[in-house]
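This report describes a single protein chain, with attention to model confidence, the nonpolar core and the pockets.

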Amino acid sequence: MSQRNTVVRSLHDLGLAAWFGGSLMGAVGLNGAASAEGGPGQEAARFASAGWAKWVPVNAAAIGAHLVGGSGLLAVNAPRVAGQQGVAVSTLAKTVLTGAALAATAYSRVLGKKIELASSDDPKDIEKASRHPVDTVKAQQQLQRMQWVVPALTGGLVILNALHGEQQRADQQAYGMWQRARSMGPALMHSGFHGFGNHGTRC
């Protein structure tokens with residue numbers, strides 16, 4: 001329990017920080033700047049799409065680092081997940097929330113790419129957009145909502161990460177493991193009683 005896992009923890013935390021911070025900055029700053037400076041219509045969409053497209057590779061790297069770090073932490077903390085009361089529940093909640101954040105991020109990118117093609121003045125993009133026409137206004141409304149969902153979900157992951165940090169305190173580990181042993185005690189005694197009875201019958 002006392003070993004250090006600096007590398008995987010750094011990947012996990014830095015990746016999540018970039019994922020949350022970048023999505024929040026984009027929703028507040030980039031979209032706000034596009035609306036204020038880009039003017040109405042496709043110009044604002046083009047401005048915002050260009051900014052988000054620049055962020056995509058960095059965001060993908062951040063998500064990858066977070067997932068690698070999270071997998072490493074789960075592996076080294078497997079005994080705590082199994083033996084400390086409450087850790088399995090918070091780990092499951094974190095897994096579900098991570099999946100939701102990944103889905104929201106992917107869907108946002110799909111919408112963003114559609115708007116990027118529809119608002120582009122590049123002949124190749126215009127040709128691609130004509131083959132897959134999209135209701136730009138509706139797509140923009142969906143994208144604006146999704147771009148707030150991502151920081152909300154990743155912010156939830158930050159909170160669960162803080163909870164996991166609290167659960168790693170020595171007093172919390174001792175209390176959680178005692179609670180798990182206490183809850184498992186009656187079941188073990190019951191199992192042992194039946195095992196003894198069966199053994200007696202076989203004899």
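Throughout residues 193-203, pLDDT stays under 50, and the model has zero contacts beyond four places in sequence for this stretch. The model is a predicted one. Averaged over the protein chain, pLDDT is 79, and 70% of the residues score at least 70. Among the elements of the chain, the lowest mean pLDDT, 51, belongs to helix α7 (residues 170-202), whereas helix α1 (residues 6-37) has the highest, 92.

**Nonpolar core**

The largest nonpolar core comprises 14 residues, of which Trp-19, Ala-101, Ala-104, Ile-115 and Leu-157 touch the most other members. At least two residues of this core are supplied by each of α1, α2 (42-76), α4 (87-119) and α6 (136-167). Helix α6 provides the largest share, namely six residues. In soluble globular proteins, nonpolar side chains tend to be buried together.

The surroundings of Trp-19 merit separate mention. Apart from neighbours within four places in sequence, Trp-19 is in contact with Asn-59, Ala-62, Ile-63, His-66, Thr-98, Ala-101, Leu-102, Thr-105, Val-150, Thr-154 and Leu-157. Two of these partners, Ala-101 and Leu-157, are also listed with Trp-19 among the core residues that touch the most other members.

**Pockets**

The largest pocket has a volume of about 550 Å³. It is lined by 28 residues, and those closest to its centre are Asn-31, Trp-52, Gly-112, Leu-143 and Gln-147. Helices α1, α2, α4 and α6 are the elements that give two or more residues to this lining. The largest share, ten residues, comes from α2.

The second largest pocket holds about 470 Å³ of space. Of its 22 lining residues, His-12, Gly-70, Leu-73, Lys-94 and His-164 are the closest to the centre. Here at least two lining residues are supplied by each of α1, α2, α3 (78-83), α4 and α6. Helix α2 gives the most to the lining of the second largest pocket, with six residues.

The table sets out the lining of each pocket by residue class.

| Pocket | Nonpolar | Polar | Charged |
|---|---|---|---|
| Largest pocket | 14 residues | twelve residues | two residues |
| Second largest pocket | five residues | 13 residues | four residues |

In summary, α6 gives the largest share of the largest nonpolar core, while α2 gives the largest share of the lining of the largest pocket and the most to that of the second largest pocket.

Technical notes
Residues numbered from 1 in each chain as written. Predicted model: local features only at pLDDT ≥ 70, side-chain atom pairs only at ≥ 80, totals over all residues. Heavy atoms only, no water. pLDDT = per-residue confidence, 0-100. Helix = DSSP H or I, 4+ residues; strand = E, 2+ residues; numbered from the N terminus. Contact = heavy atoms within 4.5 Å. Core = buried A, V, L, I, M, F, W, Y, C linked by side-chain atoms within 4.5 Å. Buried < 20%, exposed > 50% of the residue type's maximum accessible area, 1.4 Å probe, protein only. 1 Å grid on protein atoms, 1.4 Å probe; cavity = no way out; pocket = protein on both sides within 12 Å on 5 of 7 lines; lining within 4 Å. Points joined across faces, edges and corners; volume = space filled by probe spheres on them. Nonpolar A, V, L, I, M, F, W, Y, C, P; charged D, E, K, R; others polar.
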